[in-house]
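Hello,

Here is the structure for you to load. My notes follow below it.

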Amino acid sequence: MGSKIDYKQIITQEIIDHQYSMDEVHGKIIEDFIRLSGISNVVEVGCAYGLSTAYIMTGLNNSGELTLIDIKFTASVNYLTDVINDGIKINKYECASLYDNVLTKHINNNTLVLLDGNHSVQNVMSEISAL
């Protein structure tokens, strides 16, 4: 395991090209909460382009476990988790429904579950129709 990586400093063109769902203030709150509370297991439902994922990974500080659930992972999320990850156990599930018992497999007493995503009317309707 190398030195601490500040994952949010890894900004891909894909993130730059899309409007952020997570702003810096809220991202920093999540990062600090994970780091200061000692949470070692996070489940993120909805990753978008990986900005909140980067804050979560920075808060986990190269250890712990991160479970990601989304309909389809973007290139920037794959880059964060598959290329530059240094020590965090990553579980990734592409599914349109949480009825696959994905959540119950990864939740314990030290788990933060973060429901994230684009909450525009158009996107919410699209996600509901996918279920």
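Which residue follows α3, and what is the sign of its phi? Asn-61 comes after α3, and its phi is positive, near 55°.

Some ground rules. This is a predicted model, where local features need pLDDT of at least 70, side-chain atom pairs count only at pLDDT 80 or more, and totals for chains, interfaces and linings use all residues. Residues are numbered from 1 along each chain, and side-chain values use heavy atoms, without hydrogens and water. Helices (H or I, at least four residues) and strands (E, at least two) are DSSP runs, numbered from the N terminus.

Helix α3 covers residues 51-60. Of its 10 residues, 10 are buried (under 20% relative accessible area, 1.4 Å probe, protein chains only).

Helix α2 (residues 24-37) packs on α3 at about 30°, with the axes (lines fitted to C-alpha atoms over the stretch in contact) 8 Å apart. The two are therefore roughly parallel (angles under 35 degrees). On the α2 side, the contact (heavy atoms within 4.5 Å) includes Ile-30 and Ile-34; on the α3 side, it includes Tyr-55 and Ile-56.

Now the core. The largest nonpolar core (buried Ala, Val, Leu, Ile, Met, Phe, Trp, Tyr and Cys residues joined through side-chain atoms within 4.5 Å) has 20 residues. Ile-34, Val-42, Ile-56, Leu-60, Leu-66 and Leu-68 have the most contacts inside it. α2, α3, β2 (65-70) and α4 (75-83) each supply at least two residues of this core. α3 gives the most, with six.

Val-42 touches Ile-34, Ile-56, Leu-60, Glu-65, Leu-66, Thr-67 and Leu-112, leaving aside residues up to four places away in sequence.

Best regards

Conventions. Axes are lines fitted to C-alpha atoms, for helices over the stretch in contact, and angles run from 0 to 180 degrees between N-to-C directions. Angles under 35 degrees count as roughly parallel, over 145 as roughly antiparallel, 65 to 115 as roughly perpendicular and the rest as oblique. Buried means under 20% relative accessible area, exposed over 50%, partly exposed in between (1.4 Å probe, protein chains only).
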